[in-house]
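Reader: I have a structure open in front of me and I would like to learn how to read the places where its parts meet. Could you take me through it step by step?

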Protein chains: 4
Amino acid sequence: MTWQAAVAGASGYAGGEVLRLLLGHPEIEIGALTGGGNAGRSLGELQPHLVPLADRVLRDTSARTLAGHDVVFLALPHGQSAAVAEALGPDVVVVDCGADFRLRDPGAWEAFYGSPHAGTWPYGLPELPGARAALKGSSRIAVPGCYPTAVTLALFPAFAAGLVEPDVVVVAASGTSGAGRAPKPHLLGSEVMGAMSPYGVGGVHRHTPEMVQNLTEVAGEPVTVSFTPTLAPMTRGILATCSAPARPGATARSVRDAYAQALEGEPFVRLLPEGQWPSTAAVHGSNTALVQVALDGAAGRVVAISAIDNLTKGTAGGAVQSLNIALGIPEGTGLSTIGVAP
Amino acid sequence: MTWQAAVAGASGYAGGEVLRLLLGHPEIEIGALTGGGNAGRSLGELQPHLVPLADRVLRDTSARTLAGHDVVFLALPHGQSAAVAEALGPDVVVVDCGADFRLRDPGAWEAFYGSPHAGTWPYGLPELPGARAALKGSSRIAVPGCYPTAVTLALFPAFAAGLVEPDVVVVAASGTSGAGRAPKPHLLGSEVMGAMSPYGVGGVHRHTPEMVQNLTEVAGEPVTVSFTPTLAPMTRGILATCSAPARPGATARSVRDAYAQALEGEPFVRLLPEGQWPSTAAVHGSNTALVQVALDGAAGRVVAISAIDNLTKGTAGGAVQSLNIALGIPEGTGLSTIGVAP
Amino acid sequence: MTWQAAVAGASGYAGGEVLRLLLGHPEIEIGALTGGGNAGRSLGELQPHLVPLADRVLRDTSARTLAGHDVVFLALPHGQSAAVAEALGPDVVVVDCGADFRLRDPGAWEAFYGSPHAGTWPYGLPELPGARAALKGSSRIAVPGCYPTAVTLALFPAFAAGLVEPDVVVVAASGTSGAGRAPKPHLLGSEVMGAMSPYGVGGVHRHTPEMVQNLTEVAGEPVTVSFTPTLAPMTRGILATCSAPARPGATARSVRDAYAQALEGEPFVRLLPEGQWPSTAAVHGSNTALVQVALDGAAGRVVAISAIDNLTKGTAGGAVQSLNIALGIPEGTGLSTIGVAP
Amino acid sequence: MTWQAAVAGASGYAGGEVLRLLLGHPEIEIGALTGGGNAGRSLGELQPHLVPLADRVLRDTSARTLAGHDVVFLALPHGQSAAVAEALGPDVVVVDCGADFRLRDPGAWEAFYGSPHAGTWPYGLPELPGARAALKGSSRIAVPGCYPTAVTLALFPAFAAGLVEPDVVVVAASGTSGAGRAPKPHLLGSEVMGAMSPYGVGGVHRHTPEMVQNLTEVAGEPVTVSFTPTLAPMTRGILATCSAPARPGATARSVRDAYAQALEGEPFVRLLPEGQWPSTAAVHGSNTALVQVALDGAAGRVVAISAIDNLTKGTAGGAVQSLNIALGIPEGTGLSTIGVAP
């Protein structure tokens, strides 16, 4: 069987990555492509790497242009998904790459996004305990944020095994594609090359409550997260360095075992052999998350590090993986574990 | 049918890229992996992006380890291929990513490589007139150099149509992976980031006679090439800016038409729409060559520019494309035209 | 004696570099700083690297705010300098980093800039024969374009010695700061990192007639220039690869001698020892131009390559060097030959 | 008065940066330059950015070549400084850019470096309480590590004011020059561009005990540090993201005040205005440390971030600053607060 999929926001980085993956997905046929201010322009001009779609012309993003598809990917600015999803009807599988339906706590949503809460959809991080069951057959999917994906995959095994205190510190470096394609002065190449720079420091980044939600759910108790994102001079990739105080009794062995057990069989998460640490370069363009963990005895902390491609596993790849589950087809269809390196 | 393929030099960049492509090739099964000084080490340690092969262990490069395969890829330092190929016998399809069998003129070989000429194999640039016929059924393939691939694809249409004088100037920028993985001081990240630097200036780069050979063949008269390679601060990609004096009567229209005609139907070369110029970013990881051409009336020159990924279309992708032809299977099997961008 | 200098366009990259150099200039005191849309903002916010000026507040660019200074640097968009200069009066030394007063041929100006020609000022490339005499005591200076600076320094010795035909091919790679600070989609970090991309191909780049003017003057006959600029993934630097057909009788020795003689004693141009080629990294932040030349006998061309920092020697450093001459103080005051590397 | 200075290890990155600064230091004359395996080569070949020293030839590193100078900078691999210093005699001012004399605790030295402890010299971080007094007149200076410089400057104000618990988490990103110039596979440009990668995770990095020593001294109680260094795709710069649990009573106001007070008057540390965060790009080539701090109420942590140039403030600049104090000349002589950006 083949599903027809439309992509709203096809001129942005997330939309482009969704298309890159759908072009290799044997069960999906690419339908309408839409993009706000770029309607009328050819995709060849906007996304020259998507050669097979070069002659496609973008349409406006509306209920009319998105109608008649089995699946609709939304790669829109935050706050725009609810209205579009509403118009699509319950039979269409809607995959929202934006933030609108990720949080369960309306208060957290309003505190961080400053607008009314639109609701909560099944959360597209299949590796989280219980997530696959919720996704199966669902016609609505909330794709996780890129940072929460990296952080949750790095830390959930430690919380699932009760090895750490619920007091997390995360410092993550992201490639610039995570900041989107709207031209802003601080995202110019001249500004970002040669520069590591933090932003959203002090607990104000919007991905913070999403990390709290995920880890709290796994821990079974409230988890706090001190999260500092930084912008790195590369186009893609997130390296998330995460730590939490080790609980009494945690040993290098027990930590390693907990990770091995929690991640066993996961098709897109690889616990590296001891002594090897993840690099974003190794997951460039792939749906793999590389994870490693260590116990720092002197500091009394478990340090877990993950590397993902923010556009693939962190957005479009996670979206397709979750969609596959929702559609009932093999979870890895159209996805690759192989990075493009060097 | 499935072919068993071995890869000699699997720990280098060319060998790694061959493996990345073979992992997605439905007709090929990956056999022995060998690598000189890295024999005994796991591929997961050396090529962490090739996740499905992480547990494979490298063997030494020898007739013994390479025996018993249908296809053998050689990604070895120049000068080592002949002995290995000799030992493999005529039934094995040998694909040499090195330079040893590219040149027809023993004098040119000896002048640029300083060793006895090993011979000449069918040349793996299918887009060159006559090349597909020579490759079909061949059990030996000389994969072109990365720069000659980019330059030949940019200029052969102009020579085929007789539009330019045989007096070519090429300045090409390459990503650092083209210089290989052996650690040398000038290839350190600290040296190459922020740096554009020329090398092999003044006609001494070893890819020069290969460009001369290709263009001379198409032109039907001796072509000279002034070639200046430069190292650019990026991992992959070649941007080749090529020009030659326009012959009387050449017009913007006739130049455009000649390129459109010469490149029509080529699955892996895309002549961009007028006004759009190629960028290496758009072909990152893909087997596509993007080409554009202009006539500079004031300077009296045809300027043709191509962008390729030096490791894919410039090495491993070109190798697989040629192998497919040799094996008699569809030319694009296991290859993609889609880049990983941004 | 100390001169008071104002800088118009202090929030841009050229203006910022002028300020960086003036902060180290013992004879100049920094006066008013102005910047169109950024008036009212602090320099610390816009140019955080200029720590000593962090508390300065930008004013609007007008005759009123620029009045009362001995020297005014204009780092404005093309076409805005004439009106400002007019209002400043003939006693003020005006240093225009824009293009408005570089070209002598009104027809060339109008063909490439599409507006009426504003006039011609003494040209701030001191190394050009005759340039220092014209600059001395002048109250108007037209700072050369960054590409013409690099290309002229690479080629004028060959033309001065009559060693080459007047038929030049230039391919130059520039860092992104040369494209300015106005946010445009193709200048985003996500677009430029990992990318080499040409622009203004086919003789249409506005710096072309300036190169033609300079080289024609030195050659004493009309010179044509085929110029292809490319954008490189780095913030600063130009590497200009220039070539022209060698005239009969030119030898490696005569070429080398001509360069040694033409560049001898130049404080900011260094002819590298034979065998060493320039890299942009070595001139990062310095006013040095590194030059090397070779004779390609097979191709019959002289290949000359220069590396400069487009913001320093290519703009602000060249401006200060020329200003020093105009003011009658030592030419190197406030300038450094030392790059910041690696 | 003028001092004669020799530099041992002049072919490395630290040695090159020492020379870059000494070239602009009015009280120091550059004497012998030495470099192990590079003895006999010209500096122009090895450090082409140091144009005024291009013709200098490196000598071997020995008591003989270093004799007869007032000041000797040692930029040698760890473990080599003691023998050289011994031979120089007590009248020579020896500035050791290596680690040998930084730690006071022989046990910590032996645990992390695996060799006998050589001793302890006055510590060249002038901003630490008491450091200037110890440096004044000293003929031995232990230059701090680059990471400890960044981390100590970010956190000492919080500890001096008693605002945080002695339980620190640091994640720092460094440019590749911090890893030195010896060619290693993982430092190739092809490996580091596009890559964020951690190393020395879990408390094993050798700079950890130095951070512990500094912060413990300021805190007056034992401080633990969980330190994760990461390699970033840039040549220079360290961004250190540091945090510790806020003590009861700490408020945004009290934290800000503590930093303002502790850093007031420091010539090379700038506390940024509220809302502005440091970037490594702004300190490229300068001796400035940019610092900012925030209180994350929800996570209960003080987050302090610093940006330095690892080669300047983090090595050679800190060395010169400390030397100036030792020699009794103005602390900022030969140093600049101005970065080279963009």
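Author: Happily! Let us begin inside one chain: 28 residues of domain 1 of chain A are in contact with 32 residues of domain 2 of chain A. Keep in mind that this is a predicted model.

Reader: Which stretches of chain A make up domain 1 and domain 2?

Author: Domain 1 of chain A covers 3-144 + 313-327, and domain 2 of chain A covers 147-310. Taken over C-alpha atoms, the centres of these two domains of chain A lie 24 Å apart.

Reader: How do I put a size on a meeting of two parts?

Author: The size of an interface is often given as the accessible area lost when the parts come together. In our case, domain 1 and domain 2 of chain A bury about 2,500 Å² between them. Carbon and sulfur atoms account for 51% of that area.

Reader: Which three residues supply the most of the area that domain 1 of chain A buries against domain 2 of chain A?

Author: They are A:Tyr13, A:Phe112 and A:Lys313, which together supply 27% of what domain 1 of chain A buries there, more than any other three residues.

Reader: How many salt bridges are there between domain 1 of chain A and domain 2 of chain A?

Author: The count is four salt bridges between these domains of chain A. To look at a salt bridge on your screen, find A:Arg132 and A:Glu266, whose side chains meet at 2.7 Å, N to O. For polar contacts, the interface of domain 1 and domain 2 of chain A has 18 residue pairs, with both residues at pLDDT 80 or more.

Reader: Which elements supply at least two residues each to the side of domain 1 of chain A that touches domain 2 of chain A?

Author: Three helices do so: α1 (13-22), α5 (106-113) and α11 (312-327) of chain A. Of the elements on that side of domain 1 of chain A, α11(A) gives the most, with six residues. By class, this side of domain 1 of chain A has eleven nonpolar, nine polar and eight charged residues.

Reader: Now I would like to try an interface between chains. How many residues do chain C and chain B each bring to their contact?

Author: Chain C brings 39 residues and chain B brings 39 residues. Together chain C and chain B bury about 2,900 Å², with 68% of it on carbon and sulfur atoms. C:Met196, C:Pro198 and C:Val201 supply 18% of the area that chain C buries against chain B, more than any other three residues.

Reader: How many salt bridges does the rule find across the interface of chain C and chain B?

Author: Zero salt bridges are found between chain C and chain B. There are, however, six residue pairs in polar contact between chain C and chain B, both residues at pLDDT 80 or more. The elements giving two or more residues to the side of chain C that touches chain B are the strands β6 (167-174), β7 (197-198), β8 (224-231), β9 (238-245), β11 (289-296) and β12 (301-308) of chain C. The largest share of this side of chain C, five residues, comes from β8(C). The residues on this side of chain C divide into 22 nonpolar, 13 polar and four charged.

Reader: Can we zoom in on a single residue there? Is C:Thr280 buried or exposed?

Author: C:Thr280 counts as buried because its relative accessibility is 2%, and the cut-off for buried is under 20%. You will find C:Thr280 in the loop between β10 (269-271) and β11 of chain C.

Reader: Which residues does C:Thr280 touch, not counting residues up to four places away in sequence?

Author: In chain B, C:Thr280 touches B:Gly194, B:Ala195 and B:Met196. In chain C, C:Thr280 touches C:Met234, C:Gly237, C:Ile238, C:Leu239 and C:Ala307. The side chain of C:Thr280 reaches the backbone oxygen of B:Gly194 at 3.2 Å.

Reader: And what is the area buried between chain D and chain A?

Author: The area buried between chain D and chain A is about 2,900 Å², and carbon and sulfur atoms give 68% of it. D:Met196, D:Pro198 and D:Val201 supply 18% of the area that chain D buries against chain A, more than any other three residues. The count between chain D and chain A is zero salt bridges, along with six residue pairs in polar contact, both residues at pLDDT 80 or more.

Note on methods
Residues numbered from 1 in each chain as written. Chains lettered and ligands numbered in written order. Predicted model: local features only at pLDDT ≥ 70, side-chain atom pairs only at ≥ 80, totals over all residues. Heavy atoms only, no water. Contact = heavy atoms within 4.5 Å. Buried area = accessible area lost by both parts, 1.4 Å probe. Polar contact = N/O pair within 3.5 Å; in protein donor to acceptor, adjacent residues only side chain to side chain. Helix = DSSP H or I, 4+ residues; strand = E, 2+ residues; numbered from the N terminus. Nonpolar A, V, L, I, M, F, W, Y, C, P; charged D, E, K, R; others polar. Domains from an automatic or database assignment. Buried < 20%, exposed > 50% of the residue type's maximum accessible area, 1.4 Å probe, protein only.
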